[in-house]
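I opened the viewer today with a short list of things to look up. My notes follow in the order I worked.

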Amino acid sequence: MKALYVHIPYCTSKCPYCDFASVPVDDSVEAYLDALAMEAAGSAAPRPLESVYVGGGTPTVLSPERIAVLFDVLRTSFEFSPDAEVTIEANPCSLNPEAAETLVACGVDRVSVGAQSFIASELSFLRRAHGPKDIARSVSLLREAGIDNISIDLMYALPAQTPESWRESLVRAVELRPDHISTYCLTFERGTPLWAALENGEIEKKSDDEEIELYEIARAMLGTEAYEHYEISNFALAGRRSRHNMVYWSNDEYLGLGASAVSYIDGKRSTNLREPLHYIDAVRTRGTAACEVEQIAPRMQAIETMIQRLRLRDGIDCAAFEARFGLHPEELFNGTFTELVDLGLIEHDSNTIRPTTTGFHLANEIALRVLS
Ligand code: SF4
């Protein structure tokens, strides 16, 4: 798999729970796109690209003209495979017919819509600019423009969310029949306003048991609607897994462009500066914004791959793993393989090691034991 990630760090405003590299859109956009063009021109990407993912931030806060310029830059610098998956992230409010037509003209064939919830009070708690009706409207206009591969993001474990309101969001999402649904557990990131509200006792975090209950509701409901639960947080109709994210979960190579973007090529992981203005400055003056570069030792590459693959229901194909790393994955479990099997967190047959349903809940636990 050959993949490119492009980060657009602008949003209409900053959501109170957000820890992504994103800032309210300002007049640095032009300079940012120029810096992206410079970074792209100076980067070697795997050829041809089989997946391109433009994320953020909210890339669709850019005007249609700027989105067109961005894709011109990318197509000038890199070769896209004719059947490349080309995804862009969008918020329901940032889509209109003109924007959708521009995306199609740019070759975008998959849109990930940040719906988060279909309950008005939950959206307002998250301070999202859209309402429930905007989600259906944005999905329709994408389909009318010709984009038939649509993913919807939903969030669970919001403080005031109930099993009933979560079911309602899932039902409303499924009614739109998106090809892919991601369900993310709300996390309280240090330094965010939501973290402060938690610290001040203004809101309460759901307990682990409540989180698991909501997670199980999603698994059960989406399972009966033919969505395959293929990764901890992700569900897809047949043939509609996120090809781009499969690159990350397989620990394959990718190039990342833009503020905070990460690249992983030849076992080297490099991370760009996070602040857009610092990024612009660095690319202008040094031609690169990489601020952390780490060469991952071959054994650690194998361990990281194993941990990533255990996020997937498919798990690890041991023969393929051995062909890639010259090691059987069982050798990398740090003596915890039998223990993890006995605890019911992983299961195996002659060639596959995969997480159990409990292992899906406790993926971090598996990773900690392997790395300790
Ligand atoms: S829209 Fe997404 S990236 Fe932007 S501030 Fe909200 S959560 Fe963060």
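**Entry 1: a hairpin**

I began with strand β12, residues 262–265, and found that β12 pairs with β13 in the antiparallel sense over 4 bridges. I am working from a predicted model. I then looked for facing residues, and I noted that tyrosine 264 stands opposite arginine 269 in β13. Next I checked the connection. β12 and β13 form a hairpin, with 2 residues between them. In that turn I found aspartate 266, which has a positive phi of about 55°.

**Entry 2: the other partner of β13**

Which strand do 5 bridges join to β13? I found strand β14, residues 290–295. β13 and β14 run antiparallel. I picked out one facing pair here: threonine 271 has glutamate 292 in β14 as its bridge partner.

I also asked how many of the 5 residues of β13 are buried. The count is 4, with buried meaning under 20% relative accessible area. Strand β13 covers residues 268–272, and it is largely enclosed by the rest of the structure because 4 of its 5 residues are buried. I added a reminder for myself: in a regular strand, side chains alternate between the two faces of the sheet.

**Entry 3: the second largest pocket**

I moved on to the second largest pocket, which holds about 300 Å³ of space. Its lining has 16 residues. Nearest its centre I listed Ser43, Leu255, Ser263, Ser270 and Thr288. The strands from my earlier entries came up again: β12, β13 and β14 each supply at least two residues of this lining, and so does β11 (254–257). I sorted the lining by class and got 6 nonpolar, 8 polar and 2 charged residues.

**Entry 4: around the ligand**

Which residues lie around the ligand? I wrote down Cys11, Ser13, Lys14, Cys15, Tyr17, Cys18, Phe20, Ser22, Gly57, Thr58, Asn91 and Arg128. By class, this shell has 5 nonpolar, 5 polar and 2 charged residues.

**Entry 5: a three-stranded sheet**

Last, I traced an open sheet of 3 strands in the order β15-β17-β16, with antiparallel pairing. β15 (316–317) and β16 (346–348) stand at the edges, each with a single partner strand, so one side of each is left without a neighbour in the sheet. I looked at one pairing in detail. β15 and strand β17, residues 352–355, pair over 2 bridges. Across them, isoleucine 316 has isoleucine 353 in β17 as its bridge partner.

Notes: Residues numbered from 1 in each chain as written. Predicted model: local features only at pLDDT ≥ 70, side-chain atom pairs only at ≥ 80, totals over all residues. Heavy atoms only, no water. Buried < 20%, exposed > 50% of the residue type's maximum accessible area, 1.4 Å probe, protein only. Pairing = 2+ DSSP bridges. 1 Å grid on protein atoms, 1.4 Å probe; cavity = no way out; pocket = protein on both sides within 12 Å on 5 of 7 lines; lining within 4 Å. Points joined across faces, edges and corners; volume = space filled by probe spheres on them. Nonpolar A, V, L, I, M, F, W, Y, C, P; charged D, E, K, R; others polar. Near = heavy atom within 4 Å.
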